[in-house]
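Thanks for coming. I will take a few minutes to walk through one protein, starting from a single residue and working outwards.

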Amino acid sequence: MASTSTHIDVPHSPEHVWQLIGGFGSLPDWLPYIPGSTLGEGGRVRTLTNAGGETIVERLTAFDEGSRTYTYTILKAPFPVTDYLSTLTVHPLPDPDTARVEWSGTFTPTTATEEEATALFHGIYTEGLAALERTLG
């Protein structure tokens, strides 16, 4: 099993950041390469459309409002992995007007090498957090 993780510190309160990214259907609000998200099964499954028109289906497996974190798995996606599990968390920092956003994942490569799969998701997470920073201003 492979894994990757990255984080970014932003000059906004954890509450403010979580308000933007904490909803399981909120990716289009801050992630430009995911322009569409539809929730199903009472908000536990999201069907995403990426900028290329491909569909990604993910299931929420854990959600903790108080800790500002959620974990999800991929049910269907055009990625060369299985057993994908990812967590998005907003951490408080000593400065109450600054938050650390961490995005991490584990997965088993199928048609890619471990290095290729890790680079793919590390790039997605890094680009996603950069987009979040731009959205927050």
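Where is the place of tyrosine 33? Tyrosine 33 sits in the loop between α2 and β2, the strand that covers 36-40. Before I go further, please keep in mind that this is a predicted model.

Is tyrosine 33 buried or exposed? Neither label fits, because its relative accessibility is 24%, and that counts as partly exposed. Not counting residues up to four places away in sequence, tyrosine 33 touches Thr49, Asn50, Ala51, Ile124, Glu127 and Gly128. Take glutamate 127 from that list: it is 94 residues from tyrosine 33 along the chain, and the two C-alpha atoms are separated by 9.6 Å.

Tyrosine 33 also gives us a way to place glycine 52. The C-alpha atoms of these two residues are separated by 8.3 Å, with their positions 19 residues apart along the chain. Glycine 52 belongs to the loop between β3, which is 45-49, and β4. It has a relative accessible area of 66%, so glycine 52 is exposed.

Now the overall layout. How many helices and strands are there in the protein? There are 3 helices and 7 strands. Reading along the sequence, the order is β-α-α-β-β-β-β-β-β-α. The radius of gyration is 14 Å, close to the 14 Å from the globule rule for 137 residues, so the protein is as compact as a globular protein of that length. Along the principal axes, the C-alpha atoms fill a box of roughly 45 × 35 × 25 Å.

Some totals for the protein. Of its 137 residues, 41% count as buried. If we take contacts between residues at least 6 apart in sequence, 51% of them join residues at least 24 apart. The accessible surface comes to about 6700 Å², and carbon and sulfur atoms account for 53% of that. As for charge, there are 7 positive and 17 negative side chains, and the centres of the two sets lie 7 Å apart.

Next, the inside. How many residues does the largest nonpolar core have? It has 33, and Val17, Ile21 and Val101 are those with the most contacts inside it. The elements that each supply at least two residues of this core are β1 (2-10), α1 (14-21), α2 (27-30), β4 (55-64), β5 (69-76), β6 (81-92), β7 (99-109) and α3 (114-136). Of these, α3 gives the most, with 8 residues.

Let me pick out isoleucine 21. Leaving aside neighbours within four places in sequence, isoleucine 21 is in contact with Ser26, Trp30, Tyr70, Leu88, Val90, Val101 and Leu132. Val101, in that list, is another of the residues with the most contacts inside the core.

Phenylalanine 107 is worth a stop too. It is located in strand β7. Phenylalanine 107 counts as buried, because its relative accessibility is 0%. With neighbours within four places in sequence left aside, its contacts are Met1, Ala2, Ser3, Thr4, Val81, Thr82, Asp83, Tyr84, Ala117, Thr118 and Phe121. For a pair that is further apart in space, take phenylalanine 107 and proline 35: they are 72 residues apart in sequence and 24 Å apart, C-alpha to C-alpha.

That leaves the backbone. Most residues other than glycine have a negative phi. Two residues here go the other way. Which loop holds arginine 68? It is the loop between β4 and β5. Arginine 68 is not a glycine, yet its phi is positive, at about 55°. It counts as buried, because its relative accessibility is 15% and the cut-off for buried is under 20%.

The other is aspartate 83, in strand β6. Its phi is also positive, near 55°. Is aspartate 83 buried or exposed? With a relative accessibility of 51%, aspartate 83 counts as exposed. We have met aspartate 83 already, among the contacts of phenylalanine 107.

One last residue, from the loop that holds arginine 68. Glutamate 65 is also found between β4 and β5. Its relative accessible area is 49%, so glutamate 65 is partly exposed; the cut-off for exposed is over 50%. Glutamate 65 and proline 92 are 27 residues apart along the chain, and their C-alpha atoms are separated by 13 Å.

That is the tour. I will take questions now.

Conventions
Residues are numbered from 1 along each chain as its sequence is written. This is a predicted model: local features need pLDDT of at least 70, side-chain atom pairs count only at pLDDT 80 or more; totals for chains, interfaces and linings use all residues. Side-chain values use heavy atoms; hydrogens and water are left out. A nonpolar core is a set of buried Ala, Val, Leu, Ile, Met, Phe, Trp, Tyr and Cys residues joined through side-chain atoms within 4.5 Å. Buried means under 20% relative accessible area, exposed over 50%, partly exposed in between (1.4 Å probe, protein chains only). Helices (H or I, at least four residues) and strands (E, at least two) are DSSP runs, numbered from the N terminus. Contact means heavy atoms within 4.5 Å. The radius of gyration is taken over C-alpha atoms; the globule rule is 2.2 Å times the number of residues to the power 0.38. Accessible areas come from the Shrake-Rupley method with a 1.4 Å probe; for residues, only the protein chains shown count as cover. Lys and Arg count as positive and Asp and Glu as negative; His and the chain ends are not counted. The place of a charge is taken as NZ of Lys, CZ of Arg, CG of Asp or CD of Glu.
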